[in-house]
Amino acid sequence: MQYRVLVVDDSKLARMVMASAFRRIRADWELIEATNATDALEAISTQAVDITLVDFNMPGTDGLELVGLIRKTHPKMPVAVVSANVQTEIISRARELNAVFIAKPLTDEALAGFLSGAALRLKNEVK
Amino acid sequence: MTIDVSALSEIEQDVIAEIANMGVSRAANGLRQMVGHEVLLSVPAVNVVTREAAARLVERGGSSKLVAVQQSFEGPFSGRALLIFPAAQSLELVRSIVGDEHSLEDIIDLEHEALAETGNVILNACLATIANVLRQTMRMSLPTVVRGDGDKLFGVQSDPAEGNLVLFLYIDFTVKNREIRGFIALLLDLPAVAALKVIVRDFVAGIEQQAEGHVG
């Protein structure tokens, strides 16, 4: 099963690192990118996004605020917050929003774990 | 060397900001554990500016009386990392680390040592993350505490041989529920910027190669 994944990060480097990891782990999945919350919400409402990965520290609306907005329309979508900000408050706010927390620098193992879990959840929802 | 160091390309600026952001975010967790409150961070700003302009930026909060913990680092590129607070907040920071039960005299006694140790934890976490991401080794000096205005912190009017333009990267932070705010800043002189540009270019090429290598 192939899925469409939205990556939201204001940093081009971070999006490149993510795309590079996807080509190793899930080369057949479709990746779309957004650089801010507005573009991310637009993509989610128009492009049938299955999974979203969101950076935390972005100008304007931050990643956790964005996940809060996504949850209003997509309460079950697999979402991960990706950040080097490993403070307990950030991780627990991500969990409260039913999002997985992935630490930066990104590793293939951490991303692969999230994507496997997400794929299982999406498969079970279809059944 | 023909690299233009007076300007950073968009991707160079992006890579440096993102890697520094990782470093500072990791460092914020160290500070969070020390003060017991969440540390809020701004998005990083990266610019090549004069030392004077860097000095004005850190005084922008309205206070020119600053206290900073600084550590020099050396490696493929060298520079200085600084943790900067308005001087008036230095005791509040120390109090939030050692606990409210201590007397003002104790806090004043502890101030210098506590600042140096805090700076050491935070700046090391920041630079170690940056070094690890770039797969470089960096040596750090011991922390020193410096008091004065922005000009003193950034060596304005010091040895002109040091050059006036620097790469200045800073992130504001605020400790939630406490009257504590400050900056984490990295300062690189121009030869270091030239070296950093080469490392950044190789780093980006490495990301692209990793992905292609696996497919092929």
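**Chain A–chain B contact and an aromatic cluster in chain B**

Between chain B and chain A, 11 residue pairs are in polar contact, both at pLDDT 80 or more (N or O atoms within 3.5 Å; within protein, one able to donate a hydrogen and the other to accept it, with residues adjacent in sequence counting only if both atoms are side-chain atoms). This is a predicted model: local features need pLDDT of at least 70, side-chain atom pairs count only at pLDDT 80 or more, and totals for chains, interfaces and linings use all residues. Residues are numbered from 1 along each chain as its sequence is written, chains are lettered from A in the order in which they are written, and side-chain values use heavy atoms, without hydrogens and water.

**Interface**
- Chain B gives 26 residues and chain A 25 residues to the contact (heavy atoms within 4.5 Å).
- There are 3 salt bridges between the chains (a side-chain nitrogen of Lys or Arg within 4 Å of a carboxyl oxygen of Asp or Glu).
- One of them joins R32(B) to E89(A), with the closest N and O atoms 2.8 Å apart.

**Aromatic cluster**
- F154(B), F168(B), Y170(B) and F183(B) form one aromatic cluster (ring centres of Phe, Tyr or Trp, its six-membered ring, within 6.5 Å; planes under 30 degrees apart are stacked, over 60 edge-to-face, the rest tilted).
- The count over all chains is 6 aromatic pairs.
- F154(B) and F168(B) pair edge-to-face, because their centres are 5.3 Å apart and their planes at 70°.
- Both F154(B) and F168(B) are buried (under 20% relative accessible area, 1.4 Å probe, protein chains only; exposed is over 50%, partly exposed in between).
- Y170(B) and F183(B) are also edge-to-face, with centres 5.8 Å apart and planes at 70°.
- Y170(B) is buried at 9% relative accessible area, and F183(B) at 8%.
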